[in-house]
Amino acid sequence: MVVIKPRTGYITDYGVYNEKGVASCCGNSCSVWLDEPIEDTWPVNDVPLLRFAANINELIVLYTRYTLHNWGRASQIWADRSGDAIVVEKSFRRIGIRRIGKDGVLWCTEGHWESPEMNAYIRQKRLEYLAKMGKHLGADDMKYATDCAVRFTNLGHLCHLPLGKGLKHISRVLSDHSTFPRAVCRHGGPDTDPYDNSVTQISFFKNLTTNTAYSREWIPWKKFPCERPWSVVQYPSLHS
């Protein structure tokens, strides 16, 4: 494989990971009501973490050090080719890290943080929001938050099914159609709550061992991702 560096001096895409074998595998939105201010972080200049991180431990150091510059509100999974992986739970000014366990499984969902510090933070902010808006714990806002936690639990169950850790397993996880709100693959419709008519528009995952990317996208209102075959991109190995 011939790699030609662009004018910036470094390459952002070697396939599914950087040249050291570190990758951002997925990201989900996790909005924080009444989040902490960010005015003092302007101008925002994202630090290109994958330019410098050679493994997950280095990524943790960099992300923690530059968390004010790489602000966002999300749950993300990062991994490297050694099998090490973390979930980064991020608000504008805070960061929580969950490391992969001995079972080799790690997962995250939108609208939910599981690390002790970030779980407590988002709960506190949600209660502050309810008090400020004059709402109660049964309001749609809190129903959504609770449903995200339910979906998180169901995803953990699916990830631990005894189907191995290959294409068959990940296909089963990403095409789960459990009763709302547990479903991973969302089609929207009469069985969903009015506040959430979400539709899954793309499913994708990355195989860091083989430097392969899998994806399948919906054809609007004709076929959902789960009804389509996988589109596979095989990148040349940089570690052969």
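This is a short talk through the strands, helices, salt bridges and unusual backbone positions of one structure.

Good morning, everyone. Before I start, please keep in mind that what you have in front of you is a predicted model, and I will take it one region at a time.

Let me begin with the pair of strands that comes early in my list, β3, which covers residues 85-90, and β4, which covers residues 95-99. These two strands run antiparallel and are joined by five bridges, and the connection from β3 to β4 is a hairpin that passes through four residues. If you look for E89 in this pair, you will find that E89 stands opposite G96 in β4. The side chain of E89, for its part, meets the side chain of R98 in a salt bridge, with a distance of 3.0 Å from N to O. Are the two partners of this bridge buried or exposed? E89 has a relative accessible area of 0% and is therefore buried, and R98, with a relative accessible area of 14%, is buried as well, because the cut-off for that word is under 20%.

That salt bridge belongs to a longer list, since the structure holds eight of them, and I would like to show you two others. One of them lies in helix α3, residues 116-133, where K125 and E128 are three residues apart, which is about one turn of the helix. Their side chains meet in a salt bridge at 3.4 Å, again taken from N to O. Here the surroundings of the partners are not alike in the terms we use, for K125 is buried at a relative accessible area of 11%, whereas E128, at 33%, counts as partly exposed. The other one joins D141 to K135, and the closest N and O atoms of this salt bridge are 2.6 Å apart. D141 counts as buried at 18% relative accessibility, while K135 is partly exposed, with a relative accessible area of 36%.

From there I move to the helices α4 and α5, where α4 takes in residues 140-159 and α5 takes in residues 167-174. As a reminder for those who are new to this, two packed helices are described by the angle between their axes and the distance between the axes. In this model the axes of α4 and α5 come within 9 Å and cross at roughly 160 degrees, and because angles over 145 degrees count as roughly antiparallel, that is how we describe these two helices. Which residues make the contact between α4 and α5? On the side of α4 they are L155, L158 and C159, and on the side of α5 they are H169, R172 and V173. I should add that α4 passes α5 in a right-handed crossing.

Helix α5 also leads us to the next region, because we can follow where it lies: α5 lies across β5 and β6, and it runs at about 155 degrees to β5. Those two strands are part of an open sheet of three strands, whose order is β5-β6-β7 and whose pairing is antiparallel. The strands β5 and β7 stand at the edges, each with a single partner strand, so one side of each is left without a neighbour in the sheet. On average, neighbouring strands of this sheet are turned by 15 degrees against each other, with direction ignored. Between β5 and β6 there are six bridges, and, to give you a pair to look for, the bridge partner of S203 in β6 is R216.

I will finish with three places in the loops where the backbone deserves a careful look. In the loop between α5 and β5, which is where P181 lies, the peptide bond from F180 to P181 is cis, with omega near 10 degrees. In the loop between β5 and β6 we come to N211, a residue other than glycine whose phi is nevertheless positive, near 55 degrees. N211 is buried, with a relative accessible area of 0%. Further on, in the loop between β6 and β7, sits W221, which is not a glycine either and has a positive phi of about 60 degrees. In contrast to the buried N211, W221 counts as exposed, at 63% relative accessibility.

Thank you, and I am happy to go back to any of these regions.

Terms used
Residues are numbered from 1 along each chain as its sequence is written. This is a predicted model: local features need pLDDT of at least 70, side-chain atom pairs count only at pLDDT 80 or more; totals for chains, interfaces and linings use all residues. Side-chain values use heavy atoms; hydrogens and water are left out. Buried means under 20% relative accessible area, exposed over 50%, partly exposed in between (1.4 Å probe, protein chains only). A salt bridge is a side-chain nitrogen of Lys or Arg within 4 Å of a carboxyl oxygen of Asp or Glu. Two strands pair if DSSP finds at least two bridges between them. Axes are lines fitted to C-alpha atoms, for helices over the stretch in contact, and angles run from 0 to 180 degrees between N-to-C directions. Angles under 35 degrees count as roughly parallel, over 145 as roughly antiparallel, 65 to 115 as roughly perpendicular and the rest as oblique. A crossing is left-handed if the near helix is turned anticlockwise from the far one by less than a right angle, and right-handed if clockwise. Contact means heavy atoms within 4.5 Å.
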